[in-house]
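Reader: Could you take me through one part of this protein in detail? I'd like the strand pairing and what sits around it, with the cut-offs spelled out.

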Amino acid sequence: MREIDRREGRRIFGIHPAAYDSARPGHADRVYEVLVKTCGLGQATTVLEIGPGIGSLTLALVDAGARVIALELDRHVLAVLRRCARAH
């Protein structure tokens, strides 16, 4: 198997967002615990998320009550993120 650099990986995942989702591990529960307990994530929180991908963390932040401003540069991934957010 050939190794790919980050730029090529981003390009490939942008073309195939479903592959991105299946290859990316989920976030540990501890991440959410720290965001709530240490960072004060909750109803009055606004979060700037850079590179949300297809939104696994984004949607969890919304579920926690945060207002999320998500910046995704890849137009293919952004299209999937928008669909996921509307369906959520």
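Author: Let's start with a pairing: threonine 46 has arginine 67 in S2 as its bridge partner. S1 (residues 46-50) and S2 (residues 67-71) run parallel and are joined by five bridges; two strands count as paired if DSSP finds at least two bridges between them. To get from S1 to S2, the chain passes through helix H4 (residues 56-63), and this β-α-β crossover is right-handed. Right-handed here means that, with the strands pointing away from the viewer, the path from the first strand over the helix to the second runs clockwise.

A word on the ground rules. This is a predicted model, where local features need pLDDT of at least 70 and side-chain atom pairs count only at pLDDT 80 or more, while totals for chains, interfaces and linings use all residues. Residues are numbered from 1 along each chain as its sequence is written, and side-chain values use heavy atoms, with hydrogens and water left out.

As for the wider layout, the protein has five helices and two strands, in the order α-α-α-β-α-β-α from the N terminus. Helices (H or I, at least four residues) and strands (E, at least two) are DSSP runs, numbered from the N terminus.

Back to S1, which has two faces: Val47 and Glu49 are on the covered one, and Thr46, Leu48 and Ile50 on the uncovered one. Glutamate 49 counts as buried because its relative accessibility is 9%, whereas isoleucine 50 is exposed because its relative accessible area is 66%. The cut-offs are under 20% for buried, over 50% for exposed and partly exposed in between (1.4 Å probe, protein chains only). Of the 88 residues of the protein, 25% count as buried.

On the covered face, the side chain of glutamate 49 makes a polar contact with the side chain of threonine 58, at 2.4 Å. That term means a pair of N or O atoms within 3.5 Å; within protein, one must be able to donate a hydrogen and the other to accept it, and residues adjacent in sequence count only if both atoms are side-chain atoms.

Elsewhere, tyrosine 32 lies in helix H3 (residues 29-37) and is partly exposed, at 24% relative accessible area. Its C-alpha atom is 8.4 Å from that of alanine 60, and the two residues are 28 residues apart along the chain.
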